[in-house]
Amino acid sequence: MWNFNKFQDNTAVILPDGREVSYPELQRLSDSLGAKIAERSLIFNLCSNTLGSLLGYVSALEHRNVPLMLDEHIALEVVNGFIDEYRPDYLWLPVSRREDFAGTVIYETEGYVLLRTEFNREYQLHDDLALLLTTSGSVGSPKFVRQSYKNIAANTASIVEYLHLDTAERAITSLPMNYTFGISVINSHLMVGATLVLSPYTIMQREFWTLMSEQKVTSLSGVPYTYEMLDKLRFMRRDLPDLHTLTQAGGKLSPELHQKFAEYAQAQGKNFVVMYGQTEATARMSYLPPELSLTKVGSMGIAVPGGKFSLIDADNQQIIEPGVVGELVYEGDNVTLGYAQSRGDLAKGDEFGGRLLTGDMARFDEDGFFYVVGRKKRFLKIFGNRVNLDETERLIKSHFCDLDCACTGQDDAMCIYVTNQQRLKEVQNFVAETSKISFVAFKVKYLAEIPKNEAGKTLYKELDKIA
């Protein structure tokens, strides 16, 4: 996967206390852990943005074991459900969680312990299987995406190419390590011998910004929610002379914020790169060249090197006319093997065949740049009118700056959740006036906080339970 021996004099990792880990040291740590694990083992990694967690991931891939990545703070009953279903040979977890799980401690380093379970290899791993990650909508579900070594290598190489990454880069871990976008940042920077600044802090904490400045971070990555928070935190007033690249993926950024950050980047001589991806395509499928970030506001850009986009209509016929909306289809070596929902699925090979129906509805313009307009299933028919729930959310957020919102519901009955109790009637009237549909079709409810996952994506299934 990586060739750490190429970067003998480079710093691989910087910790919050200033400790630096060289590439040779990272290799040594990886080999020491790898020597304790039987070949082609399944390992649950309860991870965070720490050296111990990173070491577990790196060592597993380097020694052809398969890590299943989970958030360090995941509920015990959820992890136990995964363990019962997949029966891993090993658990790699923080020392603080050692007492939560049965097993024998066989190794400990960098705040993590390796537990050997008693399951005795009750699974079979396909030779191509490299990594298991949750999908953004499968919290608590035993459904994981099966990524191959080829998938990771292909996507990493394309990211390195279009972002022009080299050894001078210093990226901060602003996203969870068990999230496909976050792990792609790690993969791409380790590939070129760059430096990862491991941050246990969030952008809401002062320590994060201190670390950014002290370690001269050159790039910052985020999902739409990250950029919404950056805007509220008055990020653009900060003095960050070393920061030269801002990347965004994990969902569609509102055109208003896209334009705002693109203008900021242009004025400050920085790059603002909007991207699009899914776990099912390893990480990233498109990018918008930064020089076009202002002329193509709202666009997800073009396919990454080695990839290809197309659109299909309801009859599975390819759309060739600009401006026509259809389902977005992606083809490339980064399209993953398929899903796993039980340990028996770990023996399966490639089920997607390099082609992914994304479930997103999109259009392309005369120049071949693509624009996502919403999810295929995120539409309602209201009194005969087709209403895009994602677009409705965007309109509400852009009109009301003092609230967060989420839309769900069923045909002829949209349910809108907002975080400002004083605005319920105003939101209802605004949506009715904007859509030209009677206000009786819209029920607006107050919710103190919109449920989101660790990557900032709204958990619509949780809202459906409330409704």
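Select Q215 first, in the loop that runs between α6 (206-214) and β12 (219-222), where helices (H or I, at least four residues) and strands (E, at least two) are DSSP runs numbered from the N terminus. The model is a predicted one, in which local features need pLDDT of at least 70 and side-chain atom pairs count only at pLDDT 80 or more, while totals for chains, interfaces and linings use all residues. Residues are numbered from 1 along each chain as its sequence is written, and side-chain values use heavy atoms, with hydrogens and water left out.

Q215 counts as buried because its relative accessibility is 12%, the classes being buried under 20% relative accessible area, exposed over 50% and partly exposed in between (1.4 Å probe, protein chains only). Show I14, G18, R170 and V197 next, since these are the residues that Q215 contacts once its neighbours within four places in sequence are left aside; contact means heavy atoms within 4.5 Å.

Move then to A75, in the loop between β4 (66-71) and α3 (76-86). A75 has a relative accessible area of 31% and is therefore partly exposed. A distance drawn from A75 to Y460 spans 20 Å, C-alpha to C-alpha, for two residues that are 385 residues apart in sequence.

For the interior, select Y57, L190 and F309, which touch the most other members of the largest nonpolar core, a set of 62 residues. Such a core consists of buried Ala, Val, Leu, Ile, Met, Phe, Trp, Tyr and Cys residues joined through side-chain atoms within 4.5 Å. Helix α4 (residues 149-163) supplies the largest share of this core, with six residues. Around Y57, not counting residues up to four places away in sequence, the residues touched are W2, N45, P67, M69, L131, I183, I186 and N187. A second, separate core holds 27 residues, among them Y227, F235, L253 and F369.

Finally, zoom out to the whole protein, whose secondary structure comprises 11 helices and 26 strands. Its C-alpha atoms fill a box of roughly 65 × 50 × 45 Å along the principal axes. The radius of gyration is 22 Å, which agrees with the value near 23 Å for a compact globule of 467 residues; the radius is taken over C-alpha atoms, and the globule rule is 2.2 Å times the number of residues to the power 0.38. Of the 467 residues, 55% count as buried, and among contacts with a separation of 6 or more, 66% join residues 24 or more positions apart.
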